[in-house]
Every structure is written in structure tokens, then in C-alpha cells.
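These are my notebook entries on one protein chain. I set down what I looked up, one topic at a time.

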Amino acid sequence: SSNESAAGIAHVYRGTFVHATYHTAVEILEDRLLGVDTEGKIAFIGSGKEVDRLSQKWGFEAVTQLGQHEFFMPGMVDTHIHASQYSYAGTALDMPLLQWLNMYTFPVEACYKDLEFARNVYTHVVKRTLRNGTTTACYFATIHTDASLLLGQIANDFGQRALVGKVCMDTNNFIPHYKETPEESEGETNRFIGELLKKYPLVRPVVTPRFAPSCSAALLGHLGEIAQNNDLHIQSHISETKEEVNLVKELFPDYDSYTDVYHRHNLLTDKTVLAHGCHLTDGELKLFRETGASIAHCPNSNISLCSGMLDVRRVLNHKVKLGLGTDVAGGYSPSMLDAVRRTLDTSKALTIQDTQYHTLTFEEVFRLATLGGSQALSLDENTGNFEVGKDFDALRVNTDAAGGPIDLINHEEGPKVLLEKFLNLGDDRNIVEVYVAGKRVVPFVEGP
Ligand code: GUN
Ligand code: FE
């Protein structure tokens with residue numbers, strides 16, 4: 001036969017596929033046949049009408065047919081989530097960021113010294129995010145190397161694609177027992193990377209300075225060097241609140257800007273993702289553009305902690321890569337559907353303030369939640385949409401799921417309307433199956 005792919009075909013699906021491309025925010029592919037090979041990659045996408053020719057060519061027999069109110073969309077990418085804060089998600093949103101960190105966050109994160117505590121929370125967060133359609137998550141863990149390694153193992157065990165960061169911080173004036181020495185932080189980061197790198201196919205380590213106020217210049221320098229020498233991802237926070245920006249000015253008086261603090265320690269690369277960025281200047285956005293660093297937009301958190309409203313349109317106009325993040329537990333929801341809605345809400349709040357504002361469309365936000373996130377994490381060579389050769393990371397959405405939150409009154413609605421209804425009204429009851437690299441990971445396979 002004339003198969004282009006060396007691997008055989010494992011599964012073939014027929015129905016509607018909805019995804020974003022580099023040119024189009026929402027592309028609807030109706031009555032397509034999509035083949036996934038035994039390595040989990042998309043082997044072909046063809047017309048449903050050509051099923052006979054394609055089955056001859058590729059040598060498959062069984063085809064899974066989607067229902068009338070179903071479609072496949074790419075899995076969603078959470079570009080910023082604190083797995084360690086999931087235990088108090090939905091609470092403790094009554095303080096500004098810097099107080100919130102001291103009063104709630106640091107005391108909880110200190111508990112991850114206890115591996116059984118960590119295992120319990122990390123299992124819940126991986127399962128919850130997968131069920132909500134997060135096929136790729138970029139996680140912050142805590143300063144504890146062994147618990148951070150455990151998070152990587154749990155993501156692998158449940159089949160989630162993950163970037164996992166052991167948090168680095170050598171400054172903590174409020175809770176002195178929740179910090180490291182610069183030597184510990186550097187050494188443990190090296191141990192973390194050494195143990196996690198290449199251990200699991202879908203899990204990678206991320207160099208994770210918490211944010212400039214928690215790190216000495218020496219530590220930032222060491223971490224920049226580690227990332228550079230190992231060609232690793234980097235994540236941190238930036239310009240979330242004005243108070244924080246002012247603090248960084250005080251702590252790092254010799255730098256041009258908050259962004260310059262990271263830049264001068266080699267922490268701005270095309271594999272860097274920085275959360276929030278609500279208060280960045282044009283000059284700082286230019287530096288993001290030049291270095292290829294990206295922003296994780298975390299609208300629930302920005303609103304819940306009264307941090308600011310990121311002007312996403314301005315970021316996109318600067319041609320800076322941007323994905324969406326839940327930022328649990330500053331953001332109270334672990335669901336990327338919530339991040340989609342809060343992104344639209346924030347854009348509409350900016351429109352209320354300025355009626356000339358160019359409001360984001362749901363189509364654009366759909367792209368940010370999928371392909372945009374993959375680009376922001378520099379994973380779009382393998383994920384983010386339905387292109388032949390990419391991994392099949394996908395959600396099977398049934399907008400008419402029994403007992404679900406969507407009533408389809410006009411049952412003849414087309415796929416674009418079904419997508420819009422799912423994004424605005426849907427929940428995990430509509431996500432009937434989740435696939436990562438071709439493997440079905442939701443519903444969960446029951447353990448022994
Ligand atoms: N800045 C530094 N650490 C954190 C954190 O844990 N959450 C949020 N939202 N911002 C931070
Ligand atoms: Fe965060």
C-alpha cells in the first residue's frame with residue numbers, strides 16, 4: 001500500500017471537527033474522516049464521502065461516527081495553574097496579591113513537604129482539569145522537589161500533557177520556613193530536571209523562579225543559566241499588580257523595568273511564559289516580542305484578586321504570543337471554559353470603559369484557549385489543532401448530553417452555534433471523551 005505513515009492506523013473518527021489555524025480563528029470541518037495512528041498522531045484528514053477510498057488506502061475497517069450534536073475540538077491548554085493551590089480553590093479571595101500570598105498561599109504550599117498530602121491534592125487537580133478538557137497544563141508545584149516529581153508522575157499516570165515546575169524562591173520575609181537558600185534552590189532545580197527530563201513522554205520540567213520579589217538576583221542568574229544550558233521552558237509571574245511592580249522597582253533599582261529584571265538574567269526566551277502582565281509598558285511588550293516570550297492571561301485571578309485587567313487586544317497588536325490560564329487558586333476555577341468566559345468578560349469590561357475598544361470575539365478566544373496556548377508554550381509543532389502529523393489531543397463534545405447544561409431548542413443549529421453554546425454554557429458533562437496523544441484519558445479507566 002502507499003501509506004505515508006510508518007505506523008498503522010489505530011482509530012478513525014467521522015463527523016465535525018472544529019479547530020483554530022494560524023489563519024482562521026475558527027475553522028469548521030464538516031463530515032471529515034480523521035485517522036489517528038498507533039503513535040497517537042493524526043495520520044490523515046479526508047472527506048467522509050471518501051471513506052471507501054481512504055479505508056483502502058490506509059487499511060482500516062472500523063469508523064467511530066459522531067452524533068448530530070457532537071464535534072471534536074482540540075484539547076484546551078492551561079498555560080498557568082498552581083497545582084499546589086487547588087486545595088483552597090474557591091476560597092480566600094478577599095485580599096490583594098502580596099497579602100494573599102503571605103496569609104493563604106505560603107502556609108498551604110509549605111504542607112507539600114508531606115508527600116501523602118501532595119499525592120492527594122495533585123491527584124484531584126490532574127483528574128479535575130482533564131475532565132474539564134485541559135489536555136496540556138503548565139503547572140507550578142511548590143519548592144519541594146520530591147512532591148514536584150510526584151506531580152509529574154501523576155500527570156503521566158493519568159495521561160495529561162504537562163509542564164511541571166518546582167518553584168524556586170530564596171526570599172520570604174513573612175514565612176521564613178517556606179524558602180530555600182540560593183544554593184538549595186539551584187541544586188534542587190538541577191536534581192528535579194535530572195530526574196524528570198525524559199522520564200515520561202508527555203511531561204517536561206520547567207525552570208520556575210516564583211517571581212522577582214521572591215528571588216535574589218543571584219538565584220535568577222543561576223536559573224537563567226540552567227534553562228539555557230538545558231534548553232528548558234521557563235515560567236514565572238510578571239506585573240500582576242501595581243503594588244508588585246513598585247516593589248520590584250525598589251528591590252531591583254538598577255533595572256529598566258520588571259521585564260528587564262528577567263531579561264538580564266537570561267530568563268526571557270521563546271520558551272518563557274509569564275503570567276498576568278496586566279501592567280506592562282509598550283517597551284516591555286516589545287521585549288517580549290523580540291525574545292519570543294509569551295503571556296499567560298489569567299482573567300479569573302486578575303479579577304478575583306483585583307489585580308488589573310489585561311488588555312489582550314494590545315498584547316496581540318504587539319504580536320506577543322498569549323495563552324489562557326486558570327491561575328488556580330488566585331483564579332477560583334480550574335476549568336478552561338471559565339478562563340474563556342472571563343477573557344470575554346474582561347474584554348467587554350474594557351469595552352464598557354471605552355466604547356471604541358476592539359472587543360475580542362468568541363472565535364478569537366477559542367483560538368487562545370487551544371492553538372494560542374500551544375504557541376505560548378512552544379508546543380504547537382505537536383499540538384494545538386488538527387493538522388496531519390500533530391498529536392491527537394482532542395475533546396469529543398456533545399452539546400446535547402443528557403442531563404447537561406445546554407438545552408438545544410432549535411435542534412437544527414449548525415456547528416458554529418454549537419461551539420458558541422458549548423463555550424458559553426457548557427461544562428464537563430458535555431465533554432464526553434478526552435484524548436491526549438491519541439489515547440483516551442477521559443472517562444478514566446477504573447483502577448484495580
Ligand atoms: N505571584 C507570585 N506567586 C504567585 C502565586 O502563587 N499566585 C499568583 N496569582 N501570583 C503570584
Ligand atoms: Fe500564578
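**Entry 1: Serine 239.** I began with serine 239, which has 26 C-beta neighbours inside 10 Å and therefore counts as buried, since 20 or more are enough. I note that the model is a predicted one. I placed serine 239 in the loop between strand S10 (233-238) and helix H7 (242-251). I then looked up the backbone angle: phi of serine 239 is positive, about 45 degrees, although the residue is not a glycine.

**Entry 2: Serine 378.** I found another serine with a positive phi, serine 378, at about 55 degrees, and it too is not a glycine. Serine 378 sits in the loop between helix H13 (362-376) and strand S14 (394-398). Is serine 378 buried or partly exposed? I counted 17 other C-beta atoms within 10 Å, so serine 378 is partly exposed.

**Entry 3: The whole chain.** I next turned to the overall form. The chain has 14 helices and 16 strands. I recorded a span of about 65 × 50 × 40 Å for the C-alpha trace along its principal axes. A compact globule of 448 residues would have a radius of gyration near 22 Å, and the chain agrees with this because its own value is 22 Å. Of the 448 residues, 53% are buried.

I also consulted the UniProt record. An unreviewed entry there carries the annotation "domain: Amidohydrolase-related" for residues 72-441. Over residues 72-441 I noted 42% helix and 17% strand, with the end C-alpha atoms 15 Å apart.

**Entry 4: Strand S12 and its partners.** I asked which strands are joined to S12 on either side. Strand S11 (residues 272-276) runs parallel to S12 and is joined to it by 3 bridges. In this pairing, valine 273 has serine 294 of S12 as its bridge partner. I followed the chain from S11 through helix H9 (residues 282-291) to S12 and recorded a right-handed β-α-β crossover.

Strand S13 (residues 322-324) is likewise parallel to S12, again with 3 bridges. Here histidine 297 has leucine 324 in S13 as its bridge partner.

I then examined the faces of S12. In a regular strand the side chains alternate between the two faces of the sheet. For S12 (residues 294-297), I found Ser294 and Ala296 on one side and Ile295 and His297 on the other. These four residues are all buried, and both faces of the strand are thus covered.

**Entry 5: The loop after S13.** I went on to alanine 329, which lies in the loop between S13 and helix H12 (336-353). Alanine 329 has 27 C-beta neighbours inside 10 Å, so I entered it as buried. The peptide bond joining valine 328 and alanine 329 is cis, with omega about 10 degrees. I also checked a contact across the sequence: alanine 329 and tyrosine 86 are 243 residues apart along the chain, yet their C-alpha atoms are 5.9 Å apart.

**Entry 6: The shell around ligand 1.** Which helix gives the most residues to the shell around ligand 1? I found helix H2 (residues 97-109), with 3 residues. I listed the residues around ligand 1 as His82, Leu97, Leu101, Thr105, Arg210, Phe211, His237, Glu240, Ser301, Asp327 and Gly330. By class, the shell has 3 nonpolar, 5 polar and 3 charged residues.

Tyrosine 104 also lies in H2. I entered tyrosine 104 as partly exposed, because 19 other C-beta atoms lie within 10 Å and 20 would be needed for a buried residue. The C-alpha atoms of tyrosine 104 and glutamine 85 are separated by 9.3 Å, and the two residues are 19 apart along the chain.

**Entry 7: Strands S14 to S16.** I finished with the antiparallel strands. S14 is joined to strand S15 (residues 431-436) by 4 bridges in the antiparallel sense. In S15, isoleucine 431 is the bridge partner of valine 397. S15 also pairs with S16, antiparallel, over 3 bridges, and valine 434 stands opposite valine 442 in S16.

I recorded S15 and S16 as a hairpin with 2 residues between them. Alanine 437 in the turn has a positive phi of about 50 degrees. In the segment after strand S16 (439-442) I located proline 443. A cis peptide bond joins valine 442 to proline 443, with omega about 0 degrees.

Definitions and conventions: Residues numbered from 1 in each chain as written. Chains lettered and ligands numbered in written order. Predicted model: local features only at pLDDT ≥ 70, side-chain atom pairs only at ≥ 80, totals over all residues. Buried ≥ 20, exposed ≤ 12 C-beta atoms within 10 Å, placed from the backbone. Pairing = 2+ DSSP bridges. Right-handed = clockwise from strand over helix to strand, strands pointing away. Near = placed C-beta within 6 Å. Nonpolar A, V, L, I, M, F, W, Y, C, P; charged D, E, K, R; others polar. UniProt positions renumbered as here; feature names shortened; annotations may be inferred. Rg over C-alpha atoms; globule rule 2.2 N^0.38 Å.
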